[in-house]
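Hi,

Here is the structure I promised to pass on. Have a look at it first, and then read on for what I found in it.

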Amino acid sequence: MAGPPPKPWPTGQAIQLEPLVRRVLAPNPSPYTYTGTQSYIVGIGDGCAVIDPGPDEKEHLLALNAAIGEEHVCAIMCTHTHRDHSPAAKTLAARTGAPIVGCAPLVLDDSGPRADASFDRTYDPDRVLEDGEQMTGPGWTLTAVATPGHVSNHLCFALEESGALFTGDHIMGWSTSVVIPPDGDMGDYMRSLEKLYAREDRVFYPAHGEAVEKPRQLVRGMIGHRRQRENQIVRLLGEGPHEAGQFVSKMYKGLDPKLHKAAEMSVTAHLIDLEQRGLVARSGDIWQTI
């Protein structure tokens with residue numbers, strides 16, 4: 001997990017990444033959002049789509065409005081409903097009249113503190129995209145690619161004209177994504193990684209971190225990393241039963257204490273996946289091999 005680059009960051013600036021794509025960084029940096037959430041504007045001239053409009057914060061909405069200018073907004077598209085991604089959709093839709101399109105609504109009430117953003121209760125899409133469905137505008141086509149795992153409603157969006165894939169939080173440009181039960185599912189996450197590895201996207205544009213210029217290489221490394229973590233867990237359980245939190249100090253040397261909870265939840269997601277595959281069992285909070 002990399003630390004953020006030195007300031008100044010391009011917060012609020014519209015950065016042209018390629019002819020059809022601009023990026024605007026929101027002012028919400030944190031240990032889980034890196035330098036902040038990146039909203040993308042696809043299309044130019046006759047009509048555009050806004051992907052992951054981000055937090056409902058005045059400063060960010062002003063920056064998005066400035067980047068959009070007088071363009072017609074054809075759609076506001078959300079990869080998932082964490083509060084650093086979708087809340088601005090409602091405000092932006094009210095200003096532009098654009099429909100909210102993309103992932104299904106999802107709200108969970110958690111029994112304990114989260115290690116990432118909580119869910120957006122205001123998200124109310126006009127159209128939910130299924131895997132393979134498309135949204136089109138002047139000179140652009142965005143195809144939904146279902147990628148559950150980080151959360152069950154997660155979508156990526158493929159820009160057919162350029163080979164770019166907007167990956168939301170499924171794949172980030174600075175860190176692996178957290179997978180937090182009960183809705184986050186490690187088995188689904190791994191299958192979604194395999195799905196992207198089978199694709200031939202030219203570049204990934206994540207919601208956090210820089211563009212990924214070698215997508216399949218990164219995905220291959222992420223699959224290997226998750227399998228390595230799984231093997232570590234199985235090896236440690238071979239030494240005796242563990243609670244989920246006991247794995248963290250042994251597996252994540254030098255981890256920032258602020259990220260301990262996220263690491264514990266990722267371990268728990270691995271344990272649940274191993275349990276579903278019949279490889280481990282639990283009694284209360286104690287896990288052991290079968």
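In this predicted model, L159 is a good place to begin. Leaving aside its neighbours within four places in sequence, L159 is in contact with E18, L20, V21, V42, W140, T141, L142, A164 and F166. Some of those names come back in the largest nonpolar core, which has 40 residues. The residues with the most contacts inside that core are I51, M77, W140, L142, F157, L159 and F166. Strand 5 (residues 73-78) supplies the largest share of the core, 6 residues. There is also a second, separate core of 17 residues, and C156, L165, I171 and M186 are among its members.

Now to strand 10 itself, which spans residues 155-159. Are its residues buried or exposed? Buried, 5 of the 5, so the strand is largely enclosed by the rest of the structure. As you know, side chains in a regular strand alternate between the two faces of the sheet. Here both faces are covered: L155, F157 and L159 are buried on one side, and C156 and A158 are buried on the other.

The strand has partners to look at too. Strand 9 (residues 140-146) pairs with strand 10 in the antiparallel sense, over 5 bridges. Within that pairing, L142 has L159 in strand 10 as its bridge partner. Strand 11 (residues 164-168) also runs antiparallel to strand 10, and 3 bridges join the two. There F157 stands opposite F166 of strand 11. The hairpin of strand 10 and strand 11 has 4 residues between the strands, and G163 in this hairpin takes a positive phi near 80°.

Last, the cysteines. How many disulfides does the structure hold? The count is 0. Why is C48 not bonded to C74, whose sulfur is the closest cysteine sulfur to its own? The two sulfurs are 6.6 Å apart, which is too far for a bond, given that a disulfide needs them within 2.5 Å. C48 is buried, with a relative accessible area of 0%. C156 is in no disulfide either, and the nearest cysteine sulfur, that of C103, is 11 Å away. Like the rest of strand 10, C156 is buried, and its relative accessible area is 0%.

If you open the model, you could start at L159 and its contact with F166, then follow strand 10 across to strand 9 and strand 11.

Best wishes

Key. Residues are numbered from 1 along each chain as its sequence is written. This is a predicted model: local features need pLDDT of at least 70, side-chain atom pairs count only at pLDDT 80 or more; totals for chains, interfaces and linings use all residues. Side-chain values use heavy atoms; hydrogens and water are left out. A nonpolar core is a set of buried Ala, Val, Leu, Ile, Met, Phe, Trp, Tyr and Cys residues joined through side-chain atoms within 4.5 Å. Buried means under 20% relative accessible area, exposed over 50%, partly exposed in between (1.4 Å probe, protein chains only). Contact means heavy atoms within 4.5 Å. Two strands pair if DSSP finds at least two bridges between them.
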